[in-house]
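Got the structure open in your viewer? Here is a short tour, one selection at a time.

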Amino acid sequence: MKQLVRLFIAVFIVAGGLMYFTSYLNSSEGYSGSNTLTIYNWGDYVDPELIAEFEKESGLKVIYQTFDSNEAMMTKISQGGTTFDISIPSEYAIEKMKEDNLLLPIDHSKIPNLANIDSRFLDLSFDPDNEYSIPYFWGTVGIIYNSDLLGGKTFKSWNDLWSPDLRNQILLVDGAREVIGFGLNSLHYSLNDTNEDHLQEAKRKLGTLTPNVKAIVGDEIKMLLAQEEAAVGVVWSGDAAEIMGENDKLDYVIPEEGSNVWFDNMVIPKTARNIEGAHKFINFMLDPEHAAQNAEYVGYATPNAKARELLPEEISQDERFYPKEELTNKLEVYENLGKKMLSHYNELFLEFKMHRK
Amino acid sequence: MTKTRNLYLIPYIAWMLLFVATPIILIVYDSFFDVEGHFTWGNFQKFLTPVYLRMTFNSFWYAFLITLFSLLVAYPTAYWLRRTKHKQLWLLLIIVPSWINLLLKTYAFIGLFGTYGFVNSFLDWVGIGTQQILFTDFSFVFVSVYIFIPFMILPIYNSLEEINPSLLYASRDLGASPWMTFRRVVFPLTLGGVKAGCQAVFIPALSLFMITRLIAGNRVVTLGTAIEQHFLVTQDWGMGSAIAVLLIIVMAVIMIATGNRGARNTIR
């Protein structure tokens, strides 16, 4: 008993001491609620050097937290109890957050650098006039493949995935919209299709892909492909750029049937405490030099026209990541299909996962 | 006297109400609503469709395999552990890995089991050749067993420790062979520990998720995966809750069926 009491006292002293120490550290550096900026972003989705530079320039202390899906992020913000000043959701999530009144309008007069953004990426259907969101990155979904492991095979179409010599060679990203979407695309349907017959047809077709699918994984897909665990992957373009940076035998293609184009935009969630700082951060990130540095680090395509000019030519002219007009026209944005349809998509995806070889 | 005793009860009751009863009530409540917030029995009806029934069957089958293999490894280990000289040291070595974060251990296995991982280089070196280990049923069960094994060893070890050595001497004096002693004396006396261990492994194994993605590459889909998806991705909290409610019921039934009463009966 005495030992137990002693143990508890020791734990209390250590915990109390640490708490005092952190609060001392924070106050000695002058950090409190109003001079911090909490950013809630995807993992590995900003150049850490830029954060450091922003801290120096603005005098704000940045707290960086990460999420791994739009849905998880929305759940956390709508549940409250958080103080995120900036978040970077994808377009369909922005639409939904707008509907649920989770966003604060952005004051364009505080963001002069908005002029640097390519007008193609402004005033899109999910957020007319960019009232709530400012473009951060954009990209596509496509196929990444390792020709060396496949005897020189290349890919053009989604249907190439069904080739019988790819048995147990494909890694898929764990996303219902992505997988059902390319199922629909491979049949030349829209990836926002809600026609039940088309969806069932896509599901049946995906079922026949099962023998080729090695695994359906999350962020690990980057590591697994770079280490040649499998030869083919269906991934987001930015992930593809990162994987290709690590292993140059890999190549990326946007399939000819069309695919998804997505936008990640910066927003100010309703939970924000430091709205002024959030505007400063958005403006900072839109500065051409900062945006170019960030694009080089992250590997996704920047919507910032001035920044693209600053990028080395082999990046800015790479059609795999900055596709030509005619292919761009075939790319579709995920529409917000409503909770019920989304639930149905997930149900179909779950059924697809349940297929055994 | 009764007053102070009631006073002691307050934290316990408050805890149970706040963190056990309330969440369960909320989950049961949620399970009767669809995505649009209307009352419905649909979630439970949906559970009875082939997809979810197969998923349930999968969950039970894998949880059973995990429990079985854990037991097969844990019992001899615990038995051997009791007879070693430096018991505390060996015990510590078994417990230490459970201090390491589960996710880290799981990631380590991705490296070990990969096509170019350590295990495959070894298989290659002995001449068996590269096998697919990652993303198979085998790797899923193996990693799960690895993670759960301390929870099986400890209760069995404790029940072995509690056996009075004089019982064993008596058995030997009365002419029983070592095997007979084990079967008639040791094993029945450790049944309680075996049951506790099986419960401690089977029930969490039923709702494993994460490992199903990292190690089995979503080739194994269990109810835990479905709950995670419904809460985080679909935001169909009703369906997620309905699955959770059914799992709670099943677990309660298992707890009752394998409760202590049974253990005492078998000893007699």
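Select B:Ile163 to begin: in this predicted model, B:Ile163 sits in the loop that joins helix H7 (137-162) to helix H8 (165-173) of chain B. Is B:Ile163 buried or exposed? Neither label quite fits, because 14 C-beta neighbours inside 10 Å make B:Ile163 count as partly exposed, where 20 or more would be needed for buried and 12 or fewer for exposed. Now show its contacts. Leaving aside neighbours within four places in sequence, B:Ile163 is in contact with B:Val186 and B:Leu189. If you would like a distance to try in the viewer, pick B:Thr4 as well: B:Thr4 and B:Ile163 are 159 residues apart in sequence, and their C-alpha atoms are 37 Å apart in space.

Next, colour chain B by secondary structure. How many helices and strands does chain B have? You should find 13 helices and zero strands, so read along the sequence the pattern is α-α-α-α-α-α-α-α-α-α-α-α-α. Draw a box along the principal axes, and the C-alpha atoms of chain B fill roughly 70 × 70 × 35 Å. Of its 268 residues, 31% count as buried. A contact map of chain B is worth a look too: among contacts between residues at least 6 apart in sequence, 71% join residues at least 24 apart.

Stay with chain B and select residues 56-258. This range comes from the UniProt record, an unreviewed entry, which annotates it as "domain: ABC transmembrane type-1". The span is 78% helix and 0% strand, and its end C-alpha atoms lie 20 Å apart.

Now step across to the contact between the chains. Chain A gives 25 residues to this contact, and chain B gives 24 residues. Which elements of chain A should you highlight on that side? Those that give two or more residues are helix H3 (70-79), strand E7 (213-217) and helix H14 (338-354) of chain A. The largest share, nine residues, comes from H14(A). Colour the side of chain A that touches chain B by residue class, and you will see eight nonpolar, seven polar and 10 charged residues.

Hide chain B and colour chain A by domain. The domain assignment gives domain 1 (23-137 + 264-316) and domain 2 (139-261 + 323-354). Taken over C-alpha atoms, the centres of domain 1 and domain 2 of chain A are separated by 28 Å. Their contact takes 12 residues from domain 1 of chain A and 12 residues from domain 2 of chain A. On the side of domain 1 that touches domain 2, H4(A) provides the largest share, four residues. By class, that side of domain 1 has six nonpolar, two polar and four charged residues.

For the last stop, zoom in on A:Tyr92. A:Tyr92 is found in helix H4 (residues 91-99) of chain A, and the UniProt annotation "binding site", from an unreviewed entry, covers A:Tyr92. Why does A:Tyr92 count as buried? A:Tyr92 is buried because 20 other C-beta atoms lie within 10 Å, and the cut-off for buried is 20 or more. Finish by showing what surrounds this residue: not counting residues up to four places away in sequence, A:Tyr92 touches A:Phe126, A:Tyr334, A:Glu335 and A:Asn336.

Key. Residues numbered from 1 in each chain as written. Chains lettered and ligands numbered in written order. Predicted model: local features only at pLDDT ≥ 70, side-chain atom pairs only at ≥ 80, totals over all residues. Contact = placed C-beta atoms within 7 Å. Nonpolar A, V, L, I, M, F, W, Y, C, P; charged D, E, K, R; others polar. UniProt positions renumbered as here; feature names shortened; annotations may be inferred. Domains from an automatic or database assignment.
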